[in-house]
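Reader: Here is a model I would like to go through with you. Please justify the labels you attach to residues.

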Amino acid sequence: MQVTETQNEGLKRSYDMVLTAKELDDKVTEKLKEAQPEIEMKGFRKGKVPLPLLKKQFGQRVLGEAMQEAVDGAMSQHFEQSGDRPAAEPAVKMKNEDWSEGEDVHVEMSYEKLPDIPEPDLKSLKLERMVVKAEDKDVDEALENLAESSQDFEDREKGSEAQDGDQVVIDFVGSVDGEEFEGGAAEDYPLTLGSNSFIPGFEEQLVGVKEGEEKDVTVSFPEDYQAEHLAGKDATFKCTIKAVKAPKAAEINDDLAQKFGAESLDDLKGQVRERLEAEYVGAARAVVKRELLDKMDDMVSFDLPPSMVEAEAKQIAHQLWHDENPDVQGHDHPEVEPTEEHEKLAKRRVRLGLLLAELGRQAEIEVSDAEMTQAIMNEARQYPGQERQFFEFVQQNPQMQQQMRAPIFEEKVVDYVLERAEVTEKEVSKDELQKAVEELDNE
């Protein structure tokens, strides 16, 4: 196939490819010869059907496949010889759309090549990693939060009114149109007011009740209530208040520790300290990673594929628009035009993305099947009861797999760079680390 370059401007490349009628005919013949031994036709033994007859019978069917293979082969050969790596799938179209059999095929191929990326001197990178030790006061504060989340309730003084956040112990019987309904009654039920665990409007009507009091609570079942025979209907619940209890934080002792799976309070303190320091390590990594990317962005300069920058700028503009308009869930909204700031950020992201991808390629960094499986399992936990369906969805969706693989790959490349850079550690307070993290969010 004859290939002629028609554009070589920056990273843009275009080529005219001519597949002659003879080359195409030879390709069809070749494919028919490959299939000939397995073809049976009336009047001929298997594998003995004459080639001219095969061509007459099946030539038209094979023609398109042969044309596609010839073009694909010419493209592969071009990329192998030129060393170009396209930034996206090349655009391929026939120039003579009125082509008929017996004529040459004229094809135009165009693409943007990935740029030649200079190799940065990773050893010249000087970075500072923050180190925070969990202080006793931080551990105590975390234990207090655990105790509060594991609160108990104790009886209020007799005659006290129930407040929002209190627990009321009630007997109740529900009825619709004067008829009691199945599942609408319970005894000694502990209900925390403000927990929104009952039908909307139920708990609010119990604020102010006292022990020993009887109270009729009238509510309407939601239109989408799971029990269809109750959906949208008004109901009355006759409630007897048997106790009013105030919330009380659990005591910080061995019993609390055992509630959280620890053997003792000292064991729980150790676990809390480890968890806090692991959180600090994660936050410090985010800070040093931003510093690393900032410095790498200044280290190298190379041309960027315009289409990648344009697509990234549109994605940034679109995402920021949705952040500013959280009530709009779908994409049925006016087109969002990127600004200069969006394009500036897009160029940084594309430049760093290409640089990290090239470093990873040269270092032969890959995401293992085990790492992907773990990532999918972690994500699946966000869909309780549907973990298997999510797992199968990802397995059948290459785009979703790529979305999950990309951040894992990036973190492995960052680790690779950090191992080669000069990284010093600086012990700081939790507040200093927190301030550095907040500055990341504000940039």
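**Labels and cut-offs**

Author: K412 counts as partly exposed, at 27% relative accessibility. This is a predicted model, in which local features need pLDDT of at least 70, side-chain atom pairs count only at pLDDT 80 or more, and totals for chains, interfaces and linings use all residues. Residues are numbered from 1 along each chain as its sequence is written, and side-chain values use heavy atoms, with hydrogens and water left out.

Reader: Why is K412 called partly exposed?

Author: Buried means under 20% relative accessible area and exposed over 50%, with partly exposed in between (1.4 Å probe, protein chains only). The value for K412 is 27%, so the label is partly exposed.

Reader: What makes K412 and E371 a salt bridge?

Author: The term requires a side-chain nitrogen of Lys or Arg within 4 Å of a carboxyl oxygen of Asp or Glu. The closest N and O atoms of K412 and E371 are 3.1 Å apart, so the pair qualifies. K412 lies in helix α10 and E371 in helix α8 (residues 369-380), so the pair ties together parts 41 residues apart in sequence. Helices here are DSSP runs of H or I with at least four residues, numbered from the N terminus.

Reader: Why is E371 buried, exposed or partly exposed?

Author: E371 has a relative accessible area of 28%, so it is partly exposed.

Reader: Why is E419, which forms a salt bridge with R420, given its exposure label?

Author: E419 has a relative accessible area of 63%, so it is exposed. R420 is at 35% and is therefore partly exposed.

Key. Helices (H or I, at least four residues) and strands (E, at least two) are DSSP runs, numbered from the N terminus.
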